[in-house]
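Let us take a friendly walk through a protein model together. Keep the sequence and the 3D view open as you read.

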Amino acid sequence: MRLGAVAADVDRTLTNDDLVLDLDAVRVIRLLEGAGVPVILCSGRDVIALGALAQYLGTSGVIVAEDGAILGRFGPTHYRTRLLARPERVHAALAVLEEAFPSQLEVIQVPSRLASFVLSRVLDRAAANRLLAEKGIKAKVVDSSLTFELADGEVDKGSGLVEAAAMLGVDPADVVAVGDSPTDVDMFRVAGWSAAVANAPPEVKAEADYVCTLPHGQGFVEAVRRAVELFRPDLAGLPWPEPGQEAAAGRCGPRRGTAAVGGAGGR
């Protein structure tokens, strides 16, 4: 493969556990973009939050929002989105779950979400998915590690990444995917090479081609450095930050004057 693009999860992949962006990860994103390697943000977050973040980070502006439900491209002079999911499936699923699990189902209100619902983690997810399957409803409750999300059963980060790569004219086999969550496994499976940051659970690490020794944003830095070594050694001379420097300097934790990535329904 060649390094045609990088697809990155956001929460706990570009950020720490407090959802504070790692500044070295931001630097790496800008180095990639400057070298002609576009960065695609793939997250459970809504299209408005993710589109704004993509612009402020200096990415290509291509995003996969709500875990594959929405494809978008954002820039200073354009704002385009395409719905990949069928929201009516999700609304039908919500009605069934509200009747079956009245004491467990808590919807976390995120007005900007268009094709999925954020749920609290008190729901019996396995039982909910069994019921939806029995009812023949093509929807699913997924675990983003931060929350549960009720989504269209036929879209995910993998199908979204395929569409995003096509928008950029890149073969998915030339995409490097980096993440930490169970919802990232679908994009690992369609990407040409994948990396799990060190804070990922074992089942996610088992699906990755490379497991980072460092967590969070420093793991993202490590993953990109490794991908450059393997697939674009001509870029090795760029001023890449050394993985681990940010953590060693104590700059990863929350601090005065640092903005976190806010809102619910991340990954």
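The report below goes through the sheets, the helices, the cores, a pocket and a few single residues.

This is a predicted model, in which local features need pLDDT of at least 70 and side-chain atom pairs count only at pLDDT 80 or more, while totals for chains, interfaces and linings use all residues. Residues are numbered from 1 along each chain as its sequence is written, and side-chain values use heavy atoms, with hydrogens and water left out.

**The eight-stranded sheet**

Helices (H or I, at least four residues) and strands (E, at least two) are DSSP runs, numbered from the N terminus. Two strands pair if DSSP finds at least two bridges between them. Strands of a sheet pair through backbone hydrogen bonds, either parallel or antiparallel.

One open sheet has eight strands with mixed pairing, in the order β5-β4-β3-β2-β1-β10-β11-β12. Its edge strands, β5 (79-83) and β12 (210-211), each pair on one side only. Three bridges link β1 (residues 5-8) with β2 (residues 39-42) in parallel, and Val6 has Val39 as its bridge partner in β2. Next, β2 and β3 are joined in the parallel sense by two bridges; here Cys42 is partnered by Val64 in β3. Further along, β10 and β11 run parallel and share four bridges, with Val176 opposite Trp193 in β11.

In a regular strand the side chains alternate between the two faces of the sheet. You can look for this in β3, where Val62 and Val64 lie on one side, Ile63 and Ala65 lie on the other, and all are buried (under 20% relative accessible area; exposed is over 50% and partly exposed is in between, with a 1.4 Å probe and protein chains only). In β11 (residues 193-196), Trp193 and Ala195 point one way, Ser194 and Ala196 point the other way, and all are buried.

Helix α5 (residues 157-168) lies across β1, β2, β3, β4, β5 and β10, and runs at about 35° to β4. Such angles run from 0 to 180 degrees between N-to-C directions, with axes fitted to C-alpha atoms, for helices over the stretch in contact.

**The four-stranded sheet**

Another open sheet has four strands in the order β6-β7-β9-β8, with antiparallel pairing. β6 (107-108) and β8 (139-143) are at the edges with a single partner strand each, so one side of each has no neighbour in the sheet. β6 pairs with β7 (residues 117-119) over two bridges, and Ile108 stands opposite Val118 in β7. Helix α3 (residues 87-100) packs on this sheet, touching β6, β7, β8 and β9 (contact means heavy atoms within 4.5 Å), and its direction makes about 130° with that of β9. Helix α4 (residues 125-134) lies across β8 and β9, at about 165° to β8.

**Cores and a pocket**

In soluble globular proteins, nonpolar side chains tend to be buried together. A nonpolar core is a set of buried Ala, Val, Leu, Ile, Met, Phe, Trp, Tyr and Cys residues joined through side-chain atoms within 4.5 Å. Which residues touch the most other members of the largest nonpolar core? They are Leu14, Leu41 and Phe220, out of 43 residues. Helix α8 (residues 216-231) gives the most to this core, with seven residues. Beyond its neighbours within four places in sequence, Phe220 has contacts that include Val6, Leu14, Ile29 and Val197. A second, separate core has 21 residues, among them Ala5, Val62, Ala164 and Val204.

A pocket is an open set of points on a 1 Å grid over the protein atoms alone, where a 1.4 Å probe fits, with protein on both sides within 12 Å along at least five of seven lines; lining residues have an atom within 4 Å of a point. The largest pocket has a volume (the space filled by probe spheres set on the points) of about 180 Å³. Its lining includes Asp67, Arg125, Lys140 and Asp186, and β8 gives the most to it, with three residues.

**Single residues**

Here are four residues to find in the view.

| Residue | Place | Relative accessible area |
|---|---|---|
| Leu19 | loop between β1 and α1 | 13%, buried |
| Asp22 | loop between β1 and α1 | 2%, buried |
| Glu66 | loop between β3 and β4 | 1%, buried |
| Val211 | strand β12 | 36%, partly exposed |

Most residues other than glycine have a negative phi. Leu19, however, has a positive phi near 65°, and that of Glu66 is positive too, at about 50°.
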